[in-house]
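Please look through the structure below before reading on; the paragraphs that follow take up a sheet, a helix and one loop residue in turn.

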Amino acid sequence: MDIIFNCPNCDQELAVDQSGAGTQIDCPSCGQNITIPTSGKVTTGPLPPAATPPPSSIASSAAARAPLHLKVPVRDTPGEMLIDKPRPPLEVVQKGAGKKLRIHTIRRAACVESGHDRFDETVSAFLNEVTETNLVGIHVISYDFFDVATQKMMTDYGVLIVYRG
Ligand SMILES: [Zn+2]
């Protein structure tokens, strides 16, 4: 912190460290013995006062940008190249937005018609109906059931399809 004052004798502008306030010096311009005032135009030193705001304005603009970055995942308009990678899954979510998460269970035994196993056909048809976009996952299931034909408990399998629809 410097005290800036004008020599009372020659009006030369002088800058003295604040620690020298109240002491007497010889004016470097006119040689007159003068007393440094205890107050004056106080500055922050060699840097002009305007030098202090930039770092804080950079910090505040950086802080202002941060929320924008946080908003990127939820924006529904195409953004910059930076978010190209996250976009595909977002599109899927957006296409499925408003749709409920559902499950559909297909048991193999239920697909047997007149002795013909139409399980693959049935599952394929359902998957094409759901479309890959809304497909969340497929899980294999196995279950016990009472087979009327053989009068025995049988173990069979099927799939549990999780999708949005
Ligand atoms: Zn002077």
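Two strands are said to pair if DSSP finds at least two bridges between them. In this predicted model, strand E10, residues 152–164, and E6 pair in the antiparallel sense over seven bridges. Within the sheet, Arg107 stands opposite Gly158 in E10.

This pairing belongs to an open sheet of three strands, whose order is E6-E10-E9 and whose pairing is antiparallel. Strand E6 (101–107) and strand E9 (135–147) stand at the edges, and because each has a single partner strand, one side of each is left without a neighbour in the sheet. On average, and with direction ignored, neighbouring strands of this sheet are turned by 25° against each other. What lies across E6, E9 and E10? Helix H3, made up of residues 119–134, takes that place, and runs at about 25° to E10.

Another part of the chain to look at is the loop between strand E2 (13–17) and strand E3 (24–26), where Gln18 has its place. Is Gln18 buried or exposed? Gln18 counts as partly exposed, because it has 15 C-beta neighbours inside 10 Å, whereas a buried residue would need 20 or more and an exposed one would have 12 or fewer. When residues up to four places away in sequence are not counted, Gln18 touches Met1, Asp2 and Ile3. Gln18 can also be set beside Pro37, from which it is 19 residues apart in sequence and 9.4 Å apart in space, taken from C-alpha to C-alpha.

Note on methods: Residues numbered from 1 in each chain as written. Predicted model: local features only at pLDDT ≥ 70, side-chain atom pairs only at ≥ 80, totals over all residues. Helix = DSSP H or I, 4+ residues; strand = E, 2+ residues; numbered from the N terminus. Axes fitted to C-alpha atoms, helices over the stretch in contact; angles between N-to-C directions. Contact = placed C-beta atoms within 7 Å.
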